[in-house]
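I am opening a fresh page for this protein and will note what I looked up, entry by entry. Strand pairing comes before confidence, the pocket and the aromatic rings.

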Amino acid sequence: MKEYLKKISLVLATCTFLFSCDKFLEENIMPDYYIGVSAGMAYGLSYLSGQKGRNLELMEKYMADKRYMGMRHLLNRKEHAYYNTKFVFEEVPNELLPLDYDALARFPGEIEAAVTNIHTGKAEY
């Protein structure tokens, strides 16, 4: 078999991955190369660190929590973001629902995050 046929790549950009990642873990499907965009990266970290059930718990416990997201954060002069970035990227993964950073560091594949350049409209990695 040719080498490129043995490789698995995933490019994910939506919340639908939230429900797929646990099945991938159950089936022991892990990519060699992972690109995450937006929610695809956020939820992908739980998947790549092997934390089955973490994304579902995150959704059930915190998505409706007004500390997580909402217009009040977007209109806050200090935040200017729909998501409460301090809560989402510090408090949740470090205190409330810990991300296994050690397991993530052991992921043997390559991980890239994509963002959209606000000036060009093009993806940057």
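How many bridges join S3 to strand S4, and do the two run parallel or antiparallel? Working on what is a predicted model, I found two bridges between S3 and S4 (residues 123–124), and the two strands run antiparallel.

Entry on the hairpin. I followed the chain from S3 into S4 and noted that they form a hairpin with six residues between them, and that Gly121, which sits in the turn, has a positive phi of about 75 degrees. For the register I looked up Thr116, whose bridge partner in S4 is Ala123.

Entry on the other pairing of S3. I then turned to strand S2 (residues 33–37), which is joined to S3 (residues 110–116) by five bridges, with the two strands running parallel. Within this pairing I noted that Gly36 stands opposite Ala113 of S3.

Entry on confidence. I looked up the pLDDT and found an average of 86 for the protein, with 85% of the residues scoring at least 70. Among the elements, helix H7 (residues 101–105) has the highest mean, 98, whereas helix H1 (residues 3–6) has the lowest, 48. Over residues 1–5 the pLDDT stays under 50, and for this stretch the model has one contact beyond four places in sequence. I keep in mind that predicted coordinates should not be read in detail where pLDDT is low.

Entry on the largest pocket. I noted about 460 Å³ of space in the largest pocket, and 18 residues in its lining, of which Ala42, Tyr43, Tyr68, Val88 and Phe89 lie nearest the centre. The elements that give two or more residues to this lining are helix H3 (39–48), helix H4 (54–62) and helix H6 (85–96), and the largest share, five residues, comes from H3. Sorting the lining by character, I recorded 16 nonpolar residues, one polar and one charged.

Entry on aromatic rings. I found five aromatic pairs in the structure, and the one I examined is formed by Tyr62 and Phe87, which meet edge-to-face at 6.0 Å centre to centre, with 70 degrees between the planes. This pair links distant parts of the chain, since Tyr62 belongs to helix H4 and Phe87 to helix H6, 25 residues apart.

How values were computed: Residues are numbered from 1 along each chain as its sequence is written. This is a predicted model: local features need pLDDT of at least 70, side-chain atom pairs count only at pLDDT 80 or more; totals for chains, interfaces and linings use all residues. Side-chain values use heavy atoms; hydrogens and water are left out. pLDDT is the predictor's confidence in each residue, from 0 to 100. Helices (H or I, at least four residues) and strands (E, at least two) are DSSP runs, numbered from the N terminus. Contact means heavy atoms within 4.5 Å. On a 1 Å grid over the protein atoms alone, a cavity is a set of points where a 1.4 Å probe fits but cannot get out, and a pocket is an open set with protein on both sides within 12 Å along at least five of seven lines; lining residues have an atom within 4 Å of a point. Grid points are joined across faces, edges and corners, and a volume is the space filled by probe spheres set on the points. Ala, Val, Leu, Ile, Met, Phe, Trp, Tyr, Cys and Pro count as nonpolar, Asp, Glu, Lys and Arg as charged, and the others, Gly among them, as polar. Two strands pair if DSSP finds at least two bridges between them. Rings of Phe, Tyr and Trp (its six-membered ring) pair if their centres lie within 6.5 Å; planes under 30 degrees apart count as stacked, over 60 as edge-to-face and the rest as tilted.
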